Amino acid sequence: MSRIFVALTPNPEFNKVICELKEDQKKFLIRNHKVNWSKDNQHHITINFIGSMEPEQKEELFTNLENRSTFKNLPIEIVGTGTKNEIGKKLQ
């Protein structure tokens, strides 16, 4: 079984912007605090976490998603960055 999620992957230009933002954020780290950064080639925006699936279920899902051309180009604009704690505070 695999853990499956639907996500958007950035084009190379957008990924470069994400890498630059990540480098800027590293300047604000507090000494001796560990942060797990995504590898530069693994950035994505999770749309939906599906969970565990059997191989045949994955194959059917992938086939259905590949047939949806509307997912190929989706405009996105970054208006800021934040941490999970900041997001949690905004939701309260």
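**Exercise 1.** Work out which residue's side chain is joined to that of H43 by a polar contact of 3.2 Å, and describe where both residues lie.

*Solution.* The side chains of H43 and K22 are the pair joined by the 3.2 Å polar contact, a term for a pair of N or O atoms within 3.5 Å in which, within protein, one must be able to donate a hydrogen and the other to accept it, while residues adjacent in sequence count only if both atoms are side-chain atoms. The model is a predicted one, in which local features need pLDDT of at least 70 and side-chain atom pairs pLDDT 80 or more, whereas totals for chains, interfaces and linings use all residues. Residues are numbered from 1 along each chain as its sequence is written, and side-chain values use heavy atoms, with hydrogens and water left out.

Next, place the two partners: K22 belongs to helix α1, and H43 sits in the loop between α1 (12–26) and β2 (45–53), where helices (H or I, at least four residues) and strands (E, at least two) are DSSP runs numbered from the N terminus.

**Exercise 2.** Decide whether H43 is buried or exposed.

*Solution.* H43 has a relative accessible area of 10% and is therefore buried, since buried means under 20%, exposed over 50% and partly exposed in between (1.4 Å probe, protein chains only). K22, at 9%, is buried as well.

**Exercise 3.** Find the other side chain that a polar contact of 2.7 Å joins to H43.

*Solution.* That side chain belongs to N15. N15 is also among the residues that H43 touches, not counting residues up to four places away in sequence, with contact meaning heavy atoms within 4.5 Å.
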